[in-house]
Amino acid sequence: MGRENLTFEIGPIRPPSEASSFLLRVTRNCTWNKCLFCHIYKGKRFERRSVEEVKKDIEAARRIADEIRSLSWRLGYGGDVAREVLQYVFSSPRYDEHFRSIALWLYFGGKNVFFQDANSLVMKTSDLVEILRFLKERFPQVERVTSYARSRTAAKGKSLQELKELREAGLTRLHIGLESGWDFLLQYMKKGVTAKEHVEGGRKVVEAGIELSEYVILGLGGKRWWREHATETAKVLNEINPHFIRIRTLMVLPQMPLYRKIEEGDFVLQSEEEMIVEERLLIEGLDGITSTFLSDHILNLLGELEGRLPEDKEKMLATIDSFLSHPKEEKLNYCVGRWAVKYEEREDM
Ligand code: SF4
């Protein structure tokens with residue numbers, strides 16, 4: 001393999017928690033691609049990549065990692081990807097984005113890998129197992145392999161046994177877009193899954209021993225349906241008991257089909273404050289579960305709203321109440337500061 005082959009495909013997105021992971025693209029785009037609130041893969045066709053193609057990418061990443069280690073020796077760091085080695089890779093025109101991403105990955109320990117794009121579970125189980133084994137063979141230090149997945153695929157497309165096989169081969173965590181637990185809203189937003197399938201898919205993943213992150217979109221019910229959205233979502237989460245509940249805040253861009261619904265007056269966005277009231281109702285409804293609640297996205301208004309359930313539930317509710325008790329101008333000041341990325345949490349006000 002010459003230096004010209006030292007490249008691998010990188011898909012468009014990954015969760016914030018995978019910022020320092022090696023991004024390995026096993027499929028392209030989304031199998032479903034119809035959700036009204038999502039623009040990422042619109043206009044792009046879903047494609048499976050062949051096992052051979054993915055293995056070539058792993059091999060390229062291995063070669064790049066070896067070159068970076070040699071560089072480290074030459075710079076006097078004994079093969080360790082120290083900060084100075086990372087800086088060298090980032091500042092030298094000799095190294096492209098592939099070198100930079102692998103250098104960053106190694107700098108952070110080289111232990112986490114994220115499979116792209118939107119629904120890797122749709123791959124044949126035997127193919128995914130082969131990829132996972134090859135990855136572990138070429139990078140024995142890898143400890144965590146995660147991916148996005150659709151709950152419908154987990155519910156209907158994979159047996160419990162297949163999910164266990166994937167776990168044994170090294171798949172450790174799945175990120176699923178629950179978005180809402182209310183059937184009406186799931187249908188309105190064209191999510192292509194029912195609340196029952198969310199529960200079935202989520203529980204199966206947990207039973208297989210795979211860690212599960214469920215993503216909820218605050219504001220998805222708009223002004224008309226926020227109550228049902230919050231209460232029904234809490235019920236579904238209670239039935240799944242995922243390892244992580246991750247909050248996202250609805251932001252509608254012109255490229256999203258939901259934008260047209262807003263223009264037509266069919267969907268009405270909530271204010272920031274209304275979404276926090278909705279979040280309170282959601283947290284209030286979480287009961288009998290042991291999930292970690294996270295607000296790990298810059299668009300979430302109250303980034304400090306995190307904790308373990310059930311023990312931190314009252315503390316999180318108190319945080320919301322404290323925010324809501326501020327005078328109107330202060331809340332507005334905080335919202336503006338958050339959008340401008342000046343404030344990370346309310347203390348910064
Ligand atoms: S399933 Fe996920 S990636 Fe696909 S359209 Fe819906 S939100 Fe977007």
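How do the residues of the lining of the second largest cavity divide into nonpolar, polar and charged? Keep that one in mind while we look around this predicted model; the count is 8 nonpolar, 2 polar and no charged.

## The sheet

Let's start with the strands. There are 8 of them in an open sheet, and the pairing is mixed. Going across, you meet them in the order β1-β4-β5-β6-β7-β8-β9-β10. At the edges sit β1 (22-25) and β10 (307-308), each pairing on one side only.

Now zoom in on one pair. Strand β5 covers residues 144-149 and strand β6 covers residues 173-179, and the two run parallel, paired over 4 bridges. If you want a spot to click on, try Y148, whose bridge partner in β6 is H175. A helix joins in here too: α9 (residues 222-240) packs on the sheet and touches β6, β7 (211-218) and β8 (244-249). The direction of α9 makes about 175° with that of β7.

## Two helices that cross

Next, have a look at α1 (residues 51-74) and α2 (residues 83-91). Their axes come within 10 Å and cross at roughly 115°, and the crossing is right-handed.

Which residues meet there? On the α1 side you'll find I68, L71 and S72, and on the α2 side V85, Y88 and V89. Sorted by class, this contact has 5 nonpolar residues, 1 polar and no charged.

## The largest cavity

The model holds 2 cavities of 30 Å³ or more. The largest has about 60 Å³ of space. Its lining includes L218, I247, T249, E272, M275 and N300. Two elements give two or more residues to this lining, namely β8 and α11 (272-285). The largest share, 4 residues, comes from α11.

What kinds of residues are these? The lining of the largest cavity has 7 nonpolar, 3 polar and 2 charged residues. Among the lining residues you can spot E272 and E279.

## The second largest cavity

Back to where we began. The second largest cavity has about 50 Å³ of space. Lining it are F115, S120, L121, L128, L132, S147, Y148, L166, L171 and L174. The elements giving two or more residues here are α4 (125-138) and β5.

You've already met one of these residues: Y148 lines this cavity, and Y148 is also the bridge partner of H175 in β6. As for the opening question, the lining of this cavity has no charged residues, with 8 nonpolar and 2 polar.

Notes: Residues are numbered from 1 along each chain as its sequence is written. This is a predicted model: local features need pLDDT of at least 70, side-chain atom pairs count only at pLDDT 80 or more; totals for chains, interfaces and linings use all residues. Side-chain values use heavy atoms; hydrogens and water are left out. Two strands pair if DSSP finds at least two bridges between them. Contact means heavy atoms within 4.5 Å. Axes are lines fitted to C-alpha atoms, for helices over the stretch in contact, and angles run from 0 to 180 degrees between N-to-C directions. On a 1 Å grid over the protein atoms alone, a cavity is a set of points where a 1.4 Å probe fits but cannot get out, and a pocket is an open set with protein on both sides within 12 Å along at least five of seven lines; lining residues have an atom within 4 Å of a point. Grid points are joined across faces, edges and corners, and a volume is the space filled by probe spheres set on the points. Ala, Val, Leu, Ile, Met, Phe, Trp, Tyr, Cys and Pro count as nonpolar, Asp, Glu, Lys and Arg as charged, and the others, Gly among them, as polar. A crossing is left-handed if the near helix is turned anticlockwise from the far one by less than a right angle, and right-handed if clockwise.
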